[in-house]
Amino acid sequence: MFVVGSKGLCGQLYHKDQMPENFHEMYIVKGYRNPRSSPSQCILSLFAATNETLNFWTHFLPSVYFMWILRDLTVNLDFRHDSFTWPLLAYVVMCCIYPLTSAVAHLFNTMSDNARHICFFLDYSAISAMTVSVAISYKAYCFPSELRFTFLWEVFIPVTIANSVLCLIVACKTRLLPASLLRKVIRLSGLGLPCIFTTLPIMYRLIAGTEQELNLSSRYYHGISFFFLFMSAFLYGSHLPERWFPGSFDFIGHSHQLFHVCTILGTMTQMQAILHDMYERREDLIQEWQFEKASSSVGLLAQVIGVNTIVVSIYSYLLYKNKLKSA
């Protein structure tokens, strides 16, 4: 039974000590929503001061922005007939989907214990698919000239897919483990490994690429995007600044909000880097274009999303099955 907290649009708000342990966020003390919120209460919480409100808006608004970018690209590019644009299409579509999925997860995760798990299963699935879309666009437009048609070139996307699916399974598994710092480390490692692997060829290009590649305008954007990727991982794992001042950043300024901002800034600069490479390297790339079939870009991403959906469904079933056993 919950002690009455402060009243808001979404109902009572609670202190950490009043919440089930599964809903605790490290160093976040107050501003928790009812862990049995109705859908309408969740929606109303968008306009109330809770510790999740900005987690929603910092990903929902960027998703709308990326949709606007996609609309502009559809006007300027022939996504229907030009195979040179298909890897970009796969990437930009995931730029729209992954922050929207995260926003929805943060919005509805307080409806029940299982709803919380399933919301973040879906969130991890979108991150996994996003990693694959990055790998597709990197291989298509950004790969270092010296590494094209090497062994790494051949296995780059298959290894990324294997990493992303395996790490999705690990991330989902961590939600069934007791809350601990180890669980956080395992989850961060699981979600971060595919991201690190996909960036390795581009990091090589930034350091040891050909003179022509080092002079491309995309180099600046790649470097900035990697900086924001590092900051995202740092904020997610460090829980700063709330670790130093528990209770002071519950509503605004805590690490997860800053993590969202850095992730979006990283995606925005990454998109600029990919677009610059796509335009500046087109003449060289089009001569040996490897993505003539939609099945190697958009179709491949659709298959990964299908596999991820199966993984999420399996873990959701396990939650339901365990609930029946405990009833």
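At 31% relative accessibility, Asp113 counts as partly exposed, and this residue makes a good starting point for a tour of the predicted model. Asp113 forms a salt bridge with Arg36, and the closest N and O atoms of the pair are 3.7 Å apart. Asp113 belongs to helix α4 (residues 113-142), while Arg36 sits in the loop between β3 and α1 (39-44), so the salt bridge ties together parts that are 77 residues apart in sequence. Arg36, too, is partly exposed, with a relative accessible area of 45%.

With that pair in view, the overall architecture can be introduced. The secondary structure of the protein chain comes to 11 helices and three strands. Read from the N terminus on, the order of the elements is β-β-β-α-α-α-α-α-α-α-α-α-α-α. The C-alpha trace spans about 70 × 40 × 40 Å along its principal axes. For 327 residues, a compact globule would have a radius of gyration near 20 Å; the value for the protein chain is 21 Å, which agrees with that expectation.

The interior and the surface can be described in a similar way. Of the 327 residues in the protein chain, 51% are buried. Among contacts with a separation of 6 or more, 71% are between residues 24 or more positions apart. The protein chain exposes about 15300 Å², and carbon and sulfur atoms supply 68% of this area. As for charge, there are 24 positive and 21 negative charges, and their mean positions are 13 Å apart.

The link between Asp113 and Arg36 is one of seven salt bridges that the structure holds. Another joins Lys30 to Asp250, with the closest N and O atoms 3.1 Å apart. Lys30 is in the loop between β2 (11-14) and β3 (32-33), and Asp250 is in the loop between α8 (218-238) and α9 (255-280), so this pair ties together parts that are 220 residues apart in sequence. The two partners have their own surroundings: Lys30 counts as partly exposed at 34% relative accessibility, whereas Asp250 is buried, with a relative accessible area of 1%.

A further salt bridge connects Arg282 with Asp82, and here the closest N and O atoms are 3.8 Å apart. Arg282 is part of helix α10 (residues 282-286), and Asp82 lies in the loop between α2 (53-76) and α3 (86-108); the pair therefore ties together parts that are 200 residues apart in sequence. Arg282 is partly exposed at 33% relative accessibility, and Asp82 is also partly exposed, with a relative accessible area of 22%.

The backbone offers some details for a closer look. Most residues other than glycine have a negative phi, and most peptide bonds are trans. Against this background, the peptide bond from Leu240 to Pro241 is cis, with omega near 10 degrees. Pro241 is located in the loop between α8 and α9, and so is His239. The phi of His239 is near 60 degrees, a positive value in a residue other than glycine. His239 is buried, with a relative accessible area of 5%.

Phe149 also has a positive phi, of about 65 degrees, although this residue is not a glycine. Phe149 is found in the loop between α4 and α5 (151-174). At 37% relative accessibility, the Phe149 side of the picture is one of partial exposure.

Finally, Met26 brings the loop between β2 and β3 back into view. Leaving aside residues up to four places away in sequence, Met26 touches His239 and Glu242. His239, as described above, is in the loop between α8 and α9. Lys30 shares the β2-β3 loop, and Asp250 the α8-α9 loop, with the residues just named, so the salt bridge between Lys30 and Asp250 joins these two loops as well. Met26 is partly exposed, with a relative accessible area of 28%. Within its own stretch of the chain, Met26 is 10 residues from Lys16 in sequence, and the C-alpha atoms of the two residues are 9.6 Å apart in space.

Methods:
Residues numbered from 1 in each chain as written. Predicted model: local features only at pLDDT ≥ 70, side-chain atom pairs only at ≥ 80, totals over all residues. Heavy atoms only, no water. Helix = DSSP H or I, 4+ residues; strand = E, 2+ residues; numbered from the N terminus. Rg over C-alpha atoms; globule rule 2.2 N^0.38 Å. Buried < 20%, exposed > 50% of the residue type's maximum accessible area, 1.4 Å probe, protein only. Contact = heavy atoms within 4.5 Å. Areas by Shrake-Rupley, 256 points an atom, 1.4 Å probe, with all protein chains shown as cover. Lys, Arg positive; Asp, Glu negative; His and termini not counted. Charge placed at Lys NZ, Arg CZ, Asp CG, Glu CD. Salt bridge = Lys/Arg side-chain N within 4 Å of Asp/Glu carboxyl O.
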